[in-house]
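Q: Hi, I'm new to this one and would like a quick tour. Could you start with the terms as we go?

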Amino acid sequence: MSKQELVALVYDLQRENVALKQEVQRLIERLNPPKKKFFLFPLLTRRSKRPGQKTGHPGMTRATPKQIDRVVEQILTDCPQCHTRLGPSIKVTKHVQEDLIPARVEVTCFKRHRYYCRRCQTVLTAPYAPEEIPNSYLGPQVLTQAVLLKYVHGLPFNKIRTCFQQLGELTVSEGALAQALPRMAQWLDVETQALLESIRASPTTHIDETGWKVTGINHWLWAFVTDRIAYYRIDRSRGSAVPKGVLGDRYKGIVISDFYSAYNRLKVRQQKCWVHLLRELREIAKSDPSEEFRRAHLALRRIFLDARRLARTRSKLPAVTVLHRHQLLDERLLAWGAAPYRNKTLRRLSERILKHHHQMLTFLKQPGLPMDNNQAERMIRPHVIIRKRSYQCRSPTGAVTHSDLMSWVQTLVLQGRAIGPTLGRAYVLHRQRDPMPVPLVPG
């Protein structure tokens, strides 16, 4: 055979070989079909226990309202089947139903009469009505509802306008709302100053900060929180000048915060947040399985648990015992920070402990003092939700409005008071030139 014939034969054999391999693979798959794949996602998301209350638990239902506004009685005079005259009813079944009354716009015309006093020789004008806002085309209910929708529910002005139009048939522009709220915040400045003075006089203050944008420029939203008061401030700076300016030079309370360096310049007693520290250790443990880190993590957690147990049982122990155990915990914490570590993360955390070890156990000296900064984090959460839904603030005036009105709203939330009536009453009084602040802080 010639060379060309041999080459052609080789190519034919190769094609035949490929075809035979494909046929063999098809027969193998036909004899042994692939097994069905079982997805583990439904198994992983299956409930570990049956939902609802345990067997034998008393039934739960909506509480019956104490006040009945309207009673509707349904009676029969004739039988609907045979049309026989019926006598008096033998039993009455009751069904209580709650519903919302459809909103409608109420237009009020306030007329203030003027009089001439012959003796004083002056013109006198009747006072403002209790619900009248001078020179305002929108009433207190509209403005307070706008504050609730904006700063509690996080709605933008275009959706607030739509809500007023659809729910109450009130036509109002976005610009009118955007101008009304800064005006409200300006008139409520006396209340904001009262909140600031309350923060400066509080025995403990939680502080935290988060990112915020004003006209697209990075700013910081600072939260100063107690168990009854919330005060916010938006500033371009994240430095220590902001908490120093808010707390003042004469602050005598205790500051509870995380380990951010701006708080180190505060010349006050402090309690550092254990939750921040333990949370960081827990996240690092997911990527660092070394034995050295595991032991250090466990040792620091034991110090925390012993300190928390002492804080809970200190009222049942003699003062000498509490002092002795406190000293032992302080020595253990100092020894943890001074230990030689080869792990870089542990060396970084040990330096932090050495710097702040005298601020980690302050809650043992002050009964009732929290060991975490969760209060400030909870009060910052509403701002984080608004930040995700909007462009934050579009002007410096909007930043002041946001911080002042949110201080009002969150303070009323902490105190469990009605936001709308309290806010509306204070605004009406100040617009009518009443300089006295509405008491937000009991006592």
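A: Sure, let's begin with exposure: buried means under 20% relative accessible area, exposed over 50%, and partly exposed in between, using a 1.4 Å probe and protein chains only. By that scale Arg200 is partly exposed, because its relative accessibility is 29%.

Q: What kind of model is this?
A: This is a predicted model, where local features need pLDDT of at least 70 and side-chain atom pairs count only at pLDDT 80 or more, while totals for chains, interfaces and linings use all residues. Residues are numbered from 1 along each chain as its sequence is written, and side-chain values use heavy atoms, with hydrogens and water left out.

Q: Back to Arg200, which residue does its side chain meet in a salt bridge?
A: Glu197, at 3.6 Å from N to O. A salt bridge here is a side-chain nitrogen of Lys or Arg within 4 Å of a carboxyl oxygen of Asp or Glu. The two are separated by about one helical turn, because they are 3 residues apart in helix H6. Glu197 is partly exposed too, at 44%.

Q: How are helices picked out?
A: Helices (H or I, at least four residues) and strands (E, at least two) are DSSP runs, numbered from the N terminus.

Q: How many salt bridges are there in the whole structure?
A: A search finds 15. One of them joins Arg279 and Glu377, at 3.8 Å from N to O. Arg279 lies in helix H8 and Glu377 in helix H13 (residues 374-389), so this pair ties together parts that are 98 residues apart in sequence.

Q: Which residues form a network of salt bridges?
A: Glu280, Arg348 and Arg352 are joined into one network by salt bridges that share partners. The charged end of Arg352 also sits over the ring of Phe259, 4.9 Å from its centre. For that, NZ of Lys or CZ of Arg must be within 6 Å of the ring centre and within 35 degrees of the ring normal.

Q: New topic: how many aromatic pairs are there?
A: The structure holds 6. Rings of Phe, Tyr and Trp (its six-membered ring) pair if their centres lie within 6.5 Å; planes under 30 degrees apart count as stacked, over 60 as edge-to-face and the rest as tilted.

Q: Why is the pair of Trp274 and Phe304 called tilted?
A: Because the planes of the two rings are at 40°, with the centres 5.4 Å apart. Trp274 lies in helix H8 (residues 274-285) and Phe304 in helix H9 (residues 291-313), so the pair links parts 30 residues apart in sequence. Trp274 is buried, with a relative accessible area of 0%, and Phe304 is buried at 9%.

Q: What about the nonpolar core, how many residues does the largest one have?
A: It has 45 residues, and those with the most contacts inside it include Val147, Met184 and Leu405. Helix H3 gives the most to this core, with 7 residues. A nonpolar core is a set of buried Ala, Val, Leu, Ile, Met, Phe, Trp, Tyr and Cys residues joined through side-chain atoms within 4.5 Å.

Q: Which residues does Met184 touch?
A: Leaving aside neighbours within four places in sequence, Met184 is in contact (heavy atoms within 4.5 Å) with Leu143, Val147, Leu405, Leu423 and Tyr427.

Q: Last one: is helix H15 mostly covered or uncovered?
A: Mostly covered, as 10 of its 13 residues are buried. The buried ones include Leu423 and Tyr427, and what covers the buried residues includes helices H3, H5, H6 and H14.
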